[in-house]
Amino acid sequence: MFRLMLVTFKGIVRDRVLHGVGALSLFFILIPSISSLSMRQVVELSTTLSLSFISLILLVLATLLGSTLLWKDMERRYTFSVLSLPIGRAAYLLGKYLTVSLFVFIVSGILTLAAVIVINVSSGMYPPDRPVSWSFIVLCILFDAMKSLILISFAFLFSTVSTSLFLPVFGTLAVYFAGNASQQVYEYITAGGGSQLPSIIKGAATVLYYFLPNFSSFNLKTYAIYGVQPNFQSLWYVTAYFIVYTAIILVCASIIFCRKEMN
Amino acid sequence: MKTKISILFVLILLYSIIIIPFTHYMKERPFVEKMGYLPANDALKFLSADQKQAVGASLILKVLMYFGGQVSSKDIEVKATIDYKAMSRTIHSALHLDPYNLDGYYFAQAILVWDVKQYQVANTLLQYGMKYRTWDWYLPFFAGFNYAYFLHDYPNAAKMYMRAGELSGEPLFKKLAGRYLQQGGQTAMAIAYLSTMEKGARDKSIRESFHLRIIAFKRALLIEKAQGRFIADHGQRPSAIQDLVLAGYLKEIPVDPYGGKFYLEPDGSVNTTSKFAFAGVMNH
């Protein structure tokens with residue numbers, strides 16, 4: 001499995017994904033000058049833009065890498081040669097997933113470094129009223145990376161059921177939007193906003209709430225930008241939720257992948 | 001090959017003809033068109049996914065750039081047609097997305113309170129912000145001023161200034177709370193408030209806007225002082241500012257920098273037809 005991971009990682013690097021991320025990261029250079037347009041919160045705006053940009057890059061990476069990696073192997077029939085080796089299909093899928101996850105973490109680390117430099121430059125130019133919460137910023141990016149890993153697991157799941165690239169790409173994007181809205185919709189319906197709705201719709205929305213990933217819990221931007229302390233105990237719940245939820249999706253993906261007929 | 005180059009040449013020519021009126025049209029579009037029609041707040045929240053803070057900040061920056069572009073104009077009529085209400089709606093949407101964004105509250109207080117004159121709306125917005133920015137003395141400082149100066153609600157003004165004093169540890173706010181309770185010296189108080197705001201303003205257009213308002217209030221204060229001397233000497237109020245000039249208490253009637261004309265209210269207070277805002281000139 002280690003060799004599989006190594007080959008997959010080399011493949012990602014060969015595809016110049018890192019080059020693409022590097023080119024996109026040039027946007028970081030612009031952040032201090034854009035932030036200086038703020039009236040009262042230059043450093044907070046720098047942090048907002050840095051974190052949003054990192055979220056966006058991780059979303060693109062999760063959608064594209066997650067959707068294409070497995071799909072491409074099946075499309076080019078590479079899986080046949082790999083699966084003839086003494087490695088199970090589930091291990092093959094898990095190896096691929098772990099490689100993309102490792103890659104996402106490495107990219108997150110590089111982008112965190114860039115964000116720290118940018119925020120430091122802004123706070124040097126315009127000292128903030130409150131000290132920058134570096135630990136919350138790192139925590140925010142870590143949870144953003146965890147969110148991307150859930151998205152990648154969905155992309156893998158969609159890749160195992162679809163022969164076309166459309167379902168993995170658009171399915172993952174749909175999960176991203178639904179996962180970000182699920183908490184809001186659930187609260188609206190349960191807090192009385194949905195009293196006019198038929199009970200079947202309310203029931204369906206509640207089922208969907210438990211079924212879809214809850215990405216709101218991974219969004220720590222407010223804490224990182226404004227230095228507001230998060231509830232650390234709840235973050236342990238979120239971490240446990242991430243591990244269990246991702247495991248469920250990956251097991252589903254591997255069950256389908258193991259039963260898939262590959263001609 | 002020659003034909004393709006000729007076609008390319010013609011297309012570039014057409015582009016250079018179109019680009020000037022096109023750029024002019026884009027620059028002159030009304031604010032709502034420049035911003036794009038914003039969807040309802042809840043829909044906007046849904047569409048912003050996990051980028052709510054970034055979307056909120058970009059809306060506020062758009063408002064600031066629009067306002068900066070308008071106030072840099074020398075034409076008073078252009079300044080008077082600034083779409084304050086659309087700006088107000090956009091700021092509300094931005095703060096709905098990110099209730100922590102201080103720029104939104106600051107802009108609303110610095111510009112919209114004076115020009116749109118929705119003081120109660122502004123204070124509701126500030127109290128909404130206080131629930132989130134629990135450490136910030138700026139918001140009770142703004143709300144305290146609105147209560148005292150615009151709404152004449154002195155007990156609430158004092159309460160807000162006490163809160164600002166507790167959060168900042170500045171004894172100045174507690175002193176201000178005491179002075180607001182006395183209800184006097186409104187114009188002098190406004191000048192003191194605006195001067196504090198001007199010192200902290202980083203954005204050029206906002207700073208200039210404070211500066212202009214301070215000039216207007218200083219001129220109103222000049223009339224108030226002349227009126228005070230007139231009453232002390234004659235035992236009665238002058239019927240118009242012109243009387244102060246004729247009696248030698250003022251060299252001339254001060255010019256309102258907003259394009260309006262100063263006058264005396266029946267209760268003797270000094271006001272201007274512009275209501276200390278460019279929008280006031282058009283409304284009048």
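## Exercises on a predicted two-chain model

Among contacts in chain A between residues at least 6 apart in sequence, 83% join residues at least 24 apart. The exercises below concern this predicted model.

**Exercise 1.** Determine which secondary structure elements make up chain A, and how its radius of gyration stands against the globule rule.

*Solution.*
Step 1. Chain A contains eleven helices and zero strands, in the sequential order α-α-α-α-α-α-α-α-α-α-α.
Step 2. Its radius of gyration is 20 Å, close to the 18 Å from the globule rule for 263 residues, so chain A is as compact as a globular protein of that length.
Step 3. Along the principal axes, the C-alpha atoms of chain A occupy a box of roughly 60 × 55 × 30 Å.

**Exercise 2.** Describe the burial, surface and charge of chain A.

*Solution.*
Step 1. Buried residues account for 49% of the 263 in chain A.
Step 2. The accessible surface of chain A is about 12,700 Å², and carbon and sulfur atoms hold 70% of it.
Step 3. Chain A carries 16 positive and 8 negative side chains; the centres of these two sets are 8 Å apart.

**Exercise 3.** Give the corresponding description of chain B, covering its elements, burial, contacts and surface.

*Solution.*
Step 1. Chain B has 15 helices and two strands.
Step 2. Of its 284 residues, 48% are buried.
Step 3. For contacts in chain B between residues at least 6 apart in sequence, 57% link residues at least 24 apart.
Step 4. Chain B exposes about 14,600 Å², with 60% supplied by carbon and sulfur atoms.

**Exercise 4.** Characterise the interface of chain A with chain B, and identify the three residues of chain A that supply more of its buried area than any other three.

*Solution.*
Step 1. The contact involves 29 residues of chain A and 30 residues of chain B.
Step 2. Together the two chains bury about 2,600 Å², 58% of which lies on carbon and sulfur atoms.
Step 3. The three residues sought are A:Met39, A:Arg40 and A:Tyr226, which supply 32% of the area that chain A buries against chain B.

**Exercise 5.** Decide whether B:Phe150 is buried or exposed, and establish its surroundings.

*Solution.*
Step 1. B:Phe150 belongs to helix α9 of chain B, residues 138-150.
Step 2. The cut-off for a buried residue is under 20% relative accessible area. B:Phe150 has a relative accessibility of 14%, and therefore counts as buried.
Step 3. Neighbours within four places in sequence aside, B:Phe150 is in contact with B:Val113, B:Trp114, B:Tyr119 and B:Phe145.
Step 4. B:Trp114 is 36 residues from B:Phe150 along the chain, and their C-alpha atoms are separated by 9.4 Å.

Conventions:
Residues are numbered from 1 along each chain as its sequence is written. Chains are lettered from A and ligands numbered from 1 in the order in which they are written. This is a predicted model: local features need pLDDT of at least 70, side-chain atom pairs count only at pLDDT 80 or more; totals for chains, interfaces and linings use all residues. Side-chain values use heavy atoms; hydrogens and water are left out. Helices (H or I, at least four residues) and strands (E, at least two) are DSSP runs, numbered from the N terminus. The radius of gyration is taken over C-alpha atoms; the globule rule is 2.2 Å times the number of residues to the power 0.38. Buried means under 20% relative accessible area, exposed over 50%, partly exposed in between (1.4 Å probe, protein chains only). Contact means heavy atoms within 4.5 Å. Accessible areas come from the Shrake-Rupley method with a 1.4 Å probe; for residues, only the protein chains shown count as cover. Lys and Arg count as positive and Asp and Glu as negative; His and the chain ends are not counted. The place of a charge is taken as NZ of Lys, CZ of Arg, CG of Asp or CD of Glu. Buried area is the accessible area (1.4 Å probe) that two parts lose on being put together, summed over both.
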